[in-house]
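Student: I would like to learn how to read this model, starting with the place where the chains meet. Could you take me through it?

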Amino acid sequence: MQHSASRLLGLIPTLLVLITIAFFLIRLAPGGPFDSEKILPPEIKANLDVKYHLDEPLLMQYFRYLGQIITLDFGPSFQYKDWTVNELIARGFPVSMTIGGLAVLLAFLLGTLIGIVAAMKQNTGTDYSLMGVAMLGISIPNFVVAPLLILLVAVYAGWLPAGGWDWSVQRMVLPVLTLALPTTAYIARLTRGSMIEVLHSNYIRTARAKGLPELLVILRHALKPALLPVISFMGPATAGLITGSVVIERIYSIPGLGSYFVQGALNRDYTLVMGVVIFYGVIIILLNFIVDLLYAWMNPRIRYNEVQ
Amino acid sequence: MALSFVSLAACRDKDGEFVRPPENRDQPVELVLLENGRPDPAVLAEDQTVIRGNGEEPQTLDPHQAEGVPSANILRDLFEGLTTEAANGDIIPGAAIRWNISRDARTYTFYLRRAMLWSNGDPVTADDFVFSLRRAASPATASPSATMLLPIQNAREVLADELPVEELGITLLDEYTLQITLTGPTPYFLGLLTHPVAYPVNRRNLEEFGGEFSRPGKLVSNGAYVLKDWKHRVSIKLEKNPLYREAEDTIVNRVVFLPIEDVSVEVTQFRSGALDWTNEVPNNQFAWLKRNYPDELVISPWTGSYFFGFNLTVEPFVQNPELRQALIFAIDRQIITDKVTRFGEQPSFALVPPGIEDYIPFVPEYADWTQEQRNEEARRLYEMAGYSDENPLRIEIRYNTSENHKKIALAVASMWKQVLGVHTTLVNEELRVFLQNRQQKIITQVFRAGWISDYNDPYSFLELFRTGDRRNDYGYSNEVFDAMLLEVGTERIRARRSRLMFEAERILLTDFAIIPIYSYVTKRLVDQHLKGWQNNVMDHHLTRYMYKLKSRATRKTEVSETIVREEDQ
């Protein structure tokens, strides 16, 4: 418990380092938020700089920013002038989290199932074909899968909409599938590998010797240890999926968080990039923390060490 | 269901590409126009909703803060300036019913229509325009588009905070009359007034909501439509404004603007029937679109030029017109527009694109030569400049990340290689890095350039090359050219002004300051049901001119209708 609390406190210096590096890095990038091919007359540029405090020394801007984010205010977006960064994140994140969360869930359920089946039928035709498909899932990038799915399912068959967003299930199906595919495949291979290892261990042999049916052996004894590597993979994978994928968002026209990050960086929308970076930072740190807790719960050896 | 099955069965053409059979797309009924030029109500669809692909998410719907094409498309539907545009792009009376221009062409007196209302019921008065133009020019607003206001007297000083905003050259004469004074004759001024930065905003609306006035549910406007809903990066919905002066003649009831950043996504959305109008189409799908959507594909000239710039401040281009000329000559523009860009772009030897009002661009003599002649001349000049196969020119072409720029640079490099033996290196940079390098004029040699004009006047292109202009990334400087531009700024006789600009363009081109390549076109897919719009060089399309035709009844529904009638009897 104490350990968890101190780990949570450790989040603050990590974030501070992250903020500092990100702040100065984005400022180092050539060009500014108001540069475009239509260069503004100096009078107009000066007015914009004053409005957004870009005329101040960089260090002063840095401390101004730190003071501002203590109150959890990320400021106005430079590019989307009608909205604050807080509002943009509050709009984008639920979308990314829904798509990403569903994809994680699907990938986890489907991936472990495929992995277990393949492990049980090790070196049979079933195993080879399942793993072949999984390898394909890992290798085909989603910017190929997504347009293909749209073409077949939306344009030719007309079963689902080609893109857009209104929180309806129909519009979620394709993006969730596309996003889940490579992760499913990866989890399947991971599960298969560790399951095979566990199935060859002594205590499983003991369980079998007791005359336990194979299904029970798997569910009661083998599943938990076999899932350990999957769990540690799930932390960063979940963070990656729920923070939004630019590719998926562009191809399906989904208003998620990923595009804000990339577009923000390309447009030198300083406040937006910083807001999203900090938000990502918090999420990734939190998820890793949760995975650690889960890991401890599932793996007695770690729990034992901690007590020591 | 049966239909979609058929389409899946028969969906490969001779190239093995998937094609949706054309019969799958509803065909509209024949358009019937009444005597007054309006469509016969009998041919109109019941649901008058238009869904337009609109490129990137607009930055803001505050007309004075907005910048860029996507927001302007929406603002043109929401607001109306003193002047407005007809479907063909002609400047016509908007909120002002008429105007007088003084003898020296510097003072414009605008007479507003009476009984115009804002969407909240307030009357639209001359004071609204005075208030709004001052707001747009105020340093506190920090409008990025305020450049458009610079022809107005004292605008530069007001923007620089050297004069109070009341000193801006705008005077309220009475409730329905106002006067605008300019620093010099500006024939395109009436066109500038159709730009969002010159739109009125409702003072009460702004005072009530401050910086949030441009949000849905709050925004008050005076145009044909009002803002109904704005879901960030999902859609912007407008609804017909019943208080608009021509509401009775406005047929489309609802407009939905969809921000779709990826052009190929727009095409799939169009094909699935989710869009009536795309913002663009991808270059690499030309042949396919031409084959499968010949009636929907619309291509039309646009006020933009694509060219390459020389950095004239560094070697090898300082004082070396022969070399520059050789490089200009050795490019086969026809191949670039036919094989690379492929959308009917016009190969160009000039700066100003065709189609600009009252102006015929300068066409150099070599434009009429065959490419073989130009190559011949290019080789001669290249040798004159001191280069040969043993001592070839080594040069960099710099461009910002884009498939199209890359392909064009590649084509140019290979033509230079083939004709002259030039060794070209392509340098790709992210946009803002590229822009900065271009501006610094230190490491650039040949670079991607181009210009799409905000207003219908050649001056917009020519002023980029004035000595000391912040956009003069070419380092071009010619006293005669500068003097001519200065004269253009004060010349009030249109024909003389055009002549001056023509001469200026001639000087620029005979100095071989740029490598003209082609002039832009707009290209998009438009559903056959959507009519009422017209092609225009500015690519401005107000939704209030549009209407949707109803679909031709398919045989199936005709049959079911007769059955119903029989049952009725």
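Student: How many residues does each chain give to the contact?

Tutor: Two residues are in contact if their C-beta atoms, placed from the backbone, lie within 7 Å. Here chain B gives 40 residues and chain A gives 37. On the side of chain B that touches chain A, 16 residues are nonpolar, 12 polar and 12 charged (nonpolar: Ala, Val, Leu, Ile, Met, Phe, Trp, Tyr, Cys and Pro; charged: Asp, Glu, Lys and Arg; polar: the others, Gly among them). A word on the source: this is a predicted model, where local features need pLDDT of at least 70, side-chain atom pairs count only at pLDDT 80 or more, and totals for chains, interfaces and linings use all residues. Residues are numbered from 1 along each chain as its sequence is written, while chains are lettered from A and ligands numbered from 1 in the order in which they are written.

Student: What does the secondary structure of chain A come to?

Tutor: Helices (H or I, at least four residues) and strands (E, at least two) are DSSP runs, numbered from the N terminus. Chain A has 14 helices and zero strands.

Student: At what angle do helix 2 and helix 13 of chain A pack?

Tutor: Axes are lines fitted to C-alpha atoms, for helices over the stretch in contact, and angles run from 0 to 180 degrees between N-to-C directions. In chain A, helix 2 (residues 11–28) and helix 13 (residues 270–298) pack at about 150 degrees, their axes 10 Å apart. These two helices of chain A are therefore roughly antiparallel (over 145 degrees). Their contact has 14 nonpolar, two polar and no charged residues.

Technical notes: Angles under 35 degrees count as roughly parallel, over 145 as roughly antiparallel, 65 to 115 as roughly perpendicular and the rest as oblique.
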